[in-house]
Structures are given as C-alpha cells and as structure tokens.
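This report concerns a structure in two parts: a sheet within one chain, and the contact between two chains. The reader is invited to follow each part in the view below.

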There are 2 protein chains.
Amino acid sequence: MEFQVTVLGSNSAAPAHGRNQTAQVVQMGAHVFLVDCGEGTQHQLRRYKVKFSKVNHIFISHLHGDHYLGLMGIISTFHLNNRKQPLWVYGPKGLDEIITLQLKYAHTLLRFPIHFVQTTPNSKNEILDLPELKVSSFPLLHRIPCTGFLFEEKSRPKKLIKEKIKSLGNDVEAIRSLANGKDVKDETGKIKYAVETYCYPGMPPRKYAFCSDTIYHPEIIAYIQEVDLLYHESTFMQEELIRAEQTFHSTASQAATIARDAGAKQLLLGHYSTRYADLYPLLWEAKQIFEPTLLSEEGNTYIIH
Amino acid sequence: MEFQVTVLGSNSAAPAHGRNQTAQVVQMGAHVFLVDCGEGTQHQLRRYKVKFSKVNHIFISHLHGDHYLGLMGIISTFHLNNRKQPLWVYGPKGLDEIITLQLKYAHTLLRFPIHFVQTTPNSKNEILDLPELKVSSFPLLHRIPCTGFLFEEKSRPKKLIKEKIKSLGNDVEAIRSLANGKDVKDETGKIKYAVETYCYPGMPPRKYAFCSDTIYHPEIIAYIQEVDLLYHESTFMQEELIRAEQTFHSTASQAATIARDAGAKQLLLGHYSTRYADLYPLLWEAKQIFEPTLLSEEGNTYIIH
C-alpha cells in the first residue's frame with residue numbers, strides 16, 4: 001500500500017515567505033485524507049493536483065484559524081462539484097457549530113451528508129477503522145483543545161520466497177492466501193502451506209503521527225511510539241524558548257527530543273514562525289539531537305517506506 | 001483625491017484558471033476599503049502590496065463563501081500584527097455571529113475593537129460618512145440577502161482660473177478658500193471674491209458602484225445613476241440566460257444593459273463562471289450593448305478620473 005504525506009502548508013499563524021498555513025494530504029492506498037485546512041487549502045489542492053473527489057475524511061487538530069479556515073471553502077467546492085458521497089469531518093467541539101452556522105446563512109442545503117466526529121482532547125481515541133488502516137486522535141497541549149492524529153496501517157503484505165513458491169506450481173489461490181499472510185489449510189483444517197515457510201518474516205505495519213501545535217509535552221511519546229514518520233511542529237528555535245512556552249509551541253530541539261525519545265524513524269519539522277525566512281537553522285538545530293530530520297516544504301511528498 | 005479600484009479576485013464560486021474569488025480594494029485618498037473577501041484575500045493583499053494597516057473598513061455584500069470566507073483570516077492577521085485601531089465591518093445579518101463564534105472557539109480576545117454595521121437588503125442606506133466621502137449600501141436581488149455598495153466623493157477641489165487669481169496677489173487664505181469651493185466674504189458677510197468668478201465650473205464628484213451577485217434587476221438603476229465606474233457581476237454569457245436566472249446571476253449583456261440604462265461612464269465585468277477560461281467573449285458580448293466595458297482582471301487597478 002502506498003503511504004505518503006504531501007505538505008500543502010508549512011507556516012504558522014499567517015501566510016508568509018510564500019508559505020501557506022498548515023494542511024497536509026495523507027495518502028494510504030486508495031484513501032486520501034486531509035489533515036488540517038488552513039485558509040487557501042483548496043488552492044493548494046489544485047496546485048498539487050490532488051483530486052477533490054477522493055477526499056472523504058478530513059481531520060482538524062484545533063480551532064485556531066490557521067488550521068481550519070480553509071475547511072468551509074472545501075465543503076462549498078464539494079457542493080458546487082455536485083458531490084454525493086458522504087464526508088467525515090473529525091475535529092474538536094465547536095467545528096460542527098461553526099460550519100452549520102455558515103451553511104445556514106448561505107442558505108446552503110448540501111448535496112452530500114457530512115458526519116462530524118468530535119475529538120476529545122483528554123485521551124487517545126480510535127476515530128476511524130477501515131479494513132486496512134485505522135486513525136486515532138490523541139491529546140496535545142496547546143492554548144485551546146488540540147489533538148494530534150495517528151495513522152496506522154493494520155498489516156503489510158508478506159513477501160513470498162520465490163524459490164519455495166515454485167513448488168506450489170499454478171495454485172494461484174494458495175499463493176494469494178500466503179501473500180495476504182494467511183496459512184493454506186486442507187479440508188480437515190490442517191495447515192497445508194504455512195506462511196512462515198513460504199514467506200519472509202513480515203515487516204511491521206507503518207505509522208505516521210501528526211502533532212500540530214503543542215508545547216513540549218513528553219506525555220505524547222506514549223501515543224507515538226516508534227512511528228515511521230513523525231510530523232511535530234517546530235515553530236521556533238531554541239533561542240526563542242520562552243516565547244515558545246508562552247505561546248504553547250515547540251522549538252526545533254524539542255521536536256527532535258520528542259522524536260528521539262519516541263523512537264521515531266524520521267522527523268518532519270513544520271509550522272514555522274514567520275520570523276524565519278531561512279529554515280536551514282531550524283533543521284540544523286534539530287539534527288543535533290535527532291539526525292533523521294527533514295524540513296516540511298510545500299508541494300513535497302514524504303514517502304513512508 | 002486618488003480614487004481607484006484594484007481587483008483581487010474575479011472568479012465566481014470557486015477559484016479556477018488562476019482566478020481567485022471576489023475581493024476588491026477601493027482606494028479613496030488616504031482611505032483603503034476592502035470590498036468582499038473571498039478565501040485567500042489576505043494572500044492577494046500581500047501579492048499586490050496593499051498595506052494591511054491601512055484597511056479600517058471592510059464591506060461584505062452577502063454570506064456566500066466566495067464573498068466572505070477570507071474575512072476571518074484577515075481579522076486573525078490584524079490581531080497577530082498587534083493592530084490597535086478599530087475595524088468597521090459592514091455586512092448582512094449573521095456575519096457578526098459567524099465571526100464572534102469563530103473567535104470564541106479560538107479563545108481569541110482581539111487586540112482591537114470591531115464594529116459590526118448590519119446592512120439591510122431592502123433599501124438604500126448610508127453606512128459610512130467621512131468628511132470627504134460617503135458609502136451607501138443598496139439592495140441587490142440574489143438567492144440570499146445581498147447588497148451592493150456605492151462609494152461617493154463629496155466634492156472635488158475647484159480648478160482656479162490662473163489669470164483671475166493673479167489679481168489676488170499673495171492672499172493665500174482667500175485662494176485656498178476659493179480652491180475649496182468657498183466664496184470669500186468681507187467683515188459684513190458680503191461676498192468679496194465669488195467662486196464662480198475665480199474658478200472653472202466644478203467637476204461633479206465621482207462615484208463607484210459595486211454590484212456583486214444579482215439577477216438582472218433594473219430596480220438597482222435608481223441607486224447607481226451616472227456612476228463613473230460600475231462593477232456589475234457577469235457570471236454568464238447570454239447563451240446561459242436560463243442558468244443565470246436559475247442561480248440569480250447576470251449575463252454580460254445584462255450587466256451592459258444596466259450600465260447603459262444607468263448612464264454609467266464605464267463598466268467593469270467580473271465574477272466569471274469557471275466555464276469561461278477565455279473571458280474575451282464576455283467582453284465582446286457586453287461591448288455590443290455598452291462599448292466602454294472592461295474586464296476586471298486580478299492585480300489590475302482601474303482609476304476613476
């Protein structure tokens with residue numbers, strides 16, 4: 001299954017230096033998820049050729065404008081595009097009310113149903129369960145209720161051992177079963193071909209965690225253990241630590257510390273303060289603590305292998 | 001006094017063909033007014049180097065998203081920029097409630113006061129009165145309550161007749177008074193120097209009318225008589241007349257008919273349907289009825305002479 005993150009916006013607060021506000025597309029197989037929707041997200045979706053019709057689930061971390069003001073425009077455009085299929089919107093208390101009020105004054109009766117799923121900022125909760133993946137929200141610590149999101153693959157297809165498979169000849173059904181990680185049994189229920197004989201040991205399922213807008217908060221480590229890719233905001237550099245604490249944001253060093261302590265494989269920085277036109281110093285700062293750090297840059301896609 | 005209109009967005013409904021949603025900057029002397037605020041207006045203000053701090057009055061025609069979804073982002077950015085001076089927002093019932101609800105869930109206590117002025121969609125009303133200009137709202141006919149806005153200069157400085165002024169020598173005070181259109185009187189109150197003797201006949205004060213989103217509605221002509229520049233939406237061409245009527249929009253021909261019948265000096269088309277990548281046919285259609293028609297194009301400034 002393809003598993004990748006495309007960054008649509010990387011700046012905090014207001015757009016600056018050609019950088020937009022937070023928004024990401026998380027693609028898992030055929031599923032296209034939108035994570036946070038700063039103003040202008042629909043422009044960015046067009047720019048990076050993301051098909052609107054594929055988005056069925058939108059996740060909003062919190063109700064600061066730079067993380068959700070683009071949602072209403074996307075909903076309007078879905079409506080204008082004659083969308084019929086339902087949309088699920090996950091976000092904190094209040095989001096439902098804001099969208100419903102705007103639809104009321106626009107006299108808009110949407111052509112498709114929206115299911116609002118309210119996130120809770122106190123505990124980890126599974127909010128989406130599909131056959132091949134699940135998504136959970138978990139608490140972050142910000143000035144207002146705010147959650148991160150954890151995207152988890154349920155299992156990964158097995159890699160067949162070619163030489164052993166040869167002995168099965170053309171038994172396509174058996175081979176498919178083994179590839180899906182299922183032993184093949186005979187009529188009596190006895191194992192005929194065991195997965196562990198015909199397949200390489202399985203790779204662990206992949207995980208992506210999105211931590212948008214939080215003060216340095218080691219309690220989140222429990223929720224993001226050993227993720228393959230961690231997006232963690234890094235609004236400031238360490239020299240602005242006091243400002244970071246005052247505004248409930250993190251520094252690049254703190255993001256890197258969280259990534260290291262959670263055993264993440266890679267770290268993606270973002271939500272940069274407008275004071276940084278050049279982002280390299282943030283990257284450098286984080287790499288001192290956690291080497292496999294990347295800068296999130298708009299239009300770039302980060303593949304989770 | 002400088003009097004000009006800069007177009008920030010010209011597309012209807014959703015952004016397309018590199019065109020944004022409705023937003024304009026109307027500059028009258030030192031005053032910078034924002035008229036409608038489609039999503040991404042703050043991006044456009046930056047792109048065209050309009051100083052945020054100069055905007056003290058924002059006019060919203062109606063509560064369809066493509067005309068106001070950028071307002072909350074602008075208010076947030078004002079707040080982040082430490083704005084102190086008050087902001088006046090003019091718009092229909094509901095706008096106050098929408099903004100207030102969003103501020104509530106963001107836990108934002110603005111650093112500057114907002115004064116909401118509710119427009120009424122039934123009659124013409126003067127909503128802003130400044131020493132040198134006034135602004136009125138007037139009813140349009142759309143699917144939801146919607147008003148246009150009329151920007152009027154109060155008077156224009158007189159042009160002095162140089163040869164006659166010579167006879168006044170260095171009487172700077174008298175000359176200034178005449179230039180401002182005021183007769184100079186002696187101690188007994190008798191006219192000493194009459195404006196009509198020392199000045200050329202006055203030019204009439206200039207007017208700009210903004211008609212956003214309306215079905216063809218000749219009743220608006222009474223409100224926009226002899227404007228120097230008329231912006232009138234032209235979502236469709238005449239071949240889509242039925243669609244225009246169904247959606248309470250106008251065709252280019254209809255916009256031109258309104259301009260002609262109102263005795264406007266120039267017409268500015270806009271709010272183009274996404275179906276038109278090439279806008280020339282709309283211009284051509286309008287020009288058959290009203291020759292001095294212009295296409296509104298983003299980033300362009302239209303000077304009212």
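The text below treats the sheet and then the pair of chains. The model is predicted.

**The sheet of chain A**

In chain A, 7 strands form an open sheet with mixed pairing, and their order is β6-β5-β4-β3-β2-β1-β16. At the edges of this sheet stand β6 (114-118) and β16 (301-303) of chain A, each of which pairs on one side only. On average, neighbouring strands of the sheet are turned by 20 degrees against each other, direction ignored. One of the pairings joins strand β3 (residues 31-37) of chain A to strand β4 (residues 55-59) of chain A; it is parallel and has 4 bridges. Opposite A:V32 stands A:V55 in β4(A).

**The two chains**

A turn of 179 degrees with a shift of 0.2 Å along the axis lays chain A on chain B with an RMSD of 0.3 Å. The two copies are therefore related as by a two-fold rotation axis. Among the residues of chain A, A:G40 comes closest to the rotation axis, with its C-alpha at 2.8 Å. Both copies use the same surface, since 100% of the contact residues of chain A recur in chain B.

The contact takes 27 residues from chain A and 27 residues from chain B. On the side of chain A that touches chain B, α1 (41-47), α3 (71-80) and α4 (95-105) of chain A each supply at least two residues. The table gives the classes of residues on that side.

| Class, side of chain A that touches chain B | Number |
|---|---|
| Nonpolar | 12 residues |
| Polar | 12 residues |
| Charged | 3 residues |

How values were computed:
Residues numbered from 1 in each chain as written. Chains lettered and ligands numbered in written order. Predicted model: local features only at pLDDT ≥ 70, side-chain atom pairs only at ≥ 80, totals over all residues. Pairing = 2+ DSSP bridges. Axes fitted to C-alpha atoms, helices over the stretch in contact; angles between N-to-C directions. Least-squares fit on C-alpha atoms with pLDDT ≥ 70 in both. Contact = placed C-beta atoms within 7 Å. Nonpolar A, V, L, I, M, F, W, Y, C, P; charged D, E, K, R; others polar.
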